[in-house]
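Biologist: Hi! Could you walk me through this protein, one piece at a time?
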Amino acid sequence: QDARLAELYASAASVSVPDDAVTHRCKFTTVLTVSQLQDVVEAFLTDAPDVLAVDTETTGLRWRHHLIGISFSWSDSHNYYLPFRHETSCQQLEIGACLPYLEIIFGCENIVYVFHNYKFDFHKLLREGLRVSGTVHDTQLMHYVLDENSEHKLKVLAVKYIDKYAQIYEKHIDKFRARLGRILKIKLKEFGFERIPVAVLSEYACRDTWYTLELYKLLLPDVYHQQMQSVYARELETLPILCDIEDTGTKINQPLLKAMS
């Protein structure tokens, strides 16, 4: 089993991306030390970007699942992944040591922070003591108000609007998880991205924030051009309210609900 696992992890890093993929113009960086993170913060403060795309990587999509890494992007050359809790032997960061630097990056009130499904990332970041201070936008909501009957998944939109090869890394990870599950004799639902090698998930995560950044640039003018800005604004206004309700809960009238049912 050890030999099979070693072979699997060795092969995991080799992902073939076609020569005409638009992401070849991008630089994806894995941040593995606090010193490297300090350099990223310096570059961030020097560039002073107007928009920062943010995403979280987690052990799964349910409430109980926890954060294993954070990615963010502000240009083709500045796409970063910070791994914290991968269950591999890869070098990683300790999230507590990174919080002061992440608070700088997420604490700029004059920046637009873009997410794809902000509510999900909000809860995962909040559990680590992180909040964003600037204006929040959500590309999933943007596409919803533009075309509510279509799919709104990030990779689907990325393939449609940005990069026809956007699903390559996702398929590669799915195959890795399937092979790993067979070797360890565990069900896929019992483990998530935490067992994916950092090098592989890093490019996957960085691509996600770069796609989100590009979608924001692409969809925001359409929201205004199609005069959907008031609808989108109302959707954005409800986000913090929904996040608070999901985080703290809300009282319900049980007798009334039983009568209605």
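Modeller: Sure, we can go through some strands, helices, salt bridges and a few odd spots. Keep in mind that this is a predicted model.

Biologist: Let's start with strand β5. Which of its residues are buried?
Modeller: Both faces of β5 (residues 112–115) are covered. Val112 and Val114 are buried on one side, and Tyr113 and Phe115 are buried on the other.

Biologist: And how does β5 pair with β2?
Modeller: Strand β2 (residues 51–58) pairs with β5 in the parallel sense, over three bridges. If you want to find the spot, look for valine 51, which stands opposite valine 112.

Biologist: What about β6, how many bridges there?
Modeller: Four bridges join β5 and β6 (residues 135–138), again in the parallel sense. Phenylalanine 115 has aspartate 138 of β6 as its bridge partner.

Biologist: Okay, helices now. Which residues of α6 are buried?
Modeller: In α6 (residues 154–161), those are Leu154, Lys155, Leu157 and Ala158. They sit on the same side of α6, because they cover an arc of only 160 degrees around the axis.

Biologist: Why would residues a few places apart point the same way?
Modeller: An α-helix has 3.6 residues a turn, so residues three or four places apart point the same way.

Biologist: Nice. What do the buried residues of α6 pack against?
Modeller: They pack against three helices: α5 (139–146), α7 (168–184) and α8 (198–225).

Biologist: Since you mention α5, is valine 145 buried or exposed?
Modeller: Valine 145, which is found in α5, counts as buried because its relative accessibility is 8%, and the cut-off for buried is under 20%. Leaving aside residues up to four places away in sequence, valine 145 touches Val223, Met228, Val231, Tyr232 and Glu235.

Biologist: Switching to charges: how many salt bridges does the structure hold?
Modeller: It holds nine. One of them joins the side chains of lysine 164 and aspartate 20, at 3.4 Å from N to O. Lysine 164 lies in the loop between α6 and α7 and aspartate 20 in the loop between α1 (2–12) and β1 (28–30), so the pair ties together parts that are 144 residues apart in sequence.

Biologist: Which other pair could I look up?
Modeller: Try aspartate 163 and arginine 207, whose side chains meet in a salt bridge of 4.0 Å, N to O. Aspartate 163 is in the loop between α6 and α7 and arginine 207 is in helix α8, so this bridge ties together parts 44 residues apart in sequence.

Biologist: Are those two buried or exposed?
Modeller: Aspartate 163 is buried, with a relative accessible area of 2%, and arginine 207 counts as buried at 4%.

Biologist: Which residues form a salt-bridge network?
Modeller: Arg25, Asp76, Glu214 and Lys217 are linked in a network of salt bridges.

Biologist: And the odd spots you promised?
Modeller: Alanine 48 has a positive phi of about 45 degrees although it is not a glycine. You will find alanine 48 in the loop between α2 (34–47) and β2. Lysine 185 also has a positive phi, about 60 degrees, and is not a glycine either. Lysine 185 is in the loop between α7 and α8, and counts as exposed at 71% relative accessibility.

Biologist: Last one: which residues form the nonpolar patch on the surface?
Modeller: Ile252, Leu256, Leu257 and Met260 form it, with about 430 Å² of accessible area together. Leucine 256 belongs to helix α10 (residues 254–260) and is partly exposed, at 46%.

Conventions:
Residues are numbered from 1 along each chain as its sequence is written. This is a predicted model: local features need pLDDT of at least 70, side-chain atom pairs count only at pLDDT 80 or more; totals for chains, interfaces and linings use all residues. Side-chain values use heavy atoms; hydrogens and water are left out. Buried means under 20% relative accessible area, exposed over 50%, partly exposed in between (1.4 Å probe, protein chains only). Helices (H or I, at least four residues) and strands (E, at least two) are DSSP runs, numbered from the N terminus. The arc is that of the directions from the helix axis to the C-beta atoms. Contact means heavy atoms within 4.5 Å. Patches are made of residues with over 30% relative accessible area and no salt bridge: like charges are joined within 9 Å, nonpolar side chains (Val, Leu, Ile, Met, Phe, Trp, Tyr) within 5 Å. Accessible areas come from the Shrake-Rupley method with a 1.4 Å probe; for residues, only the protein chains shown count as cover. Two strands pair if DSSP finds at least two bridges between them.
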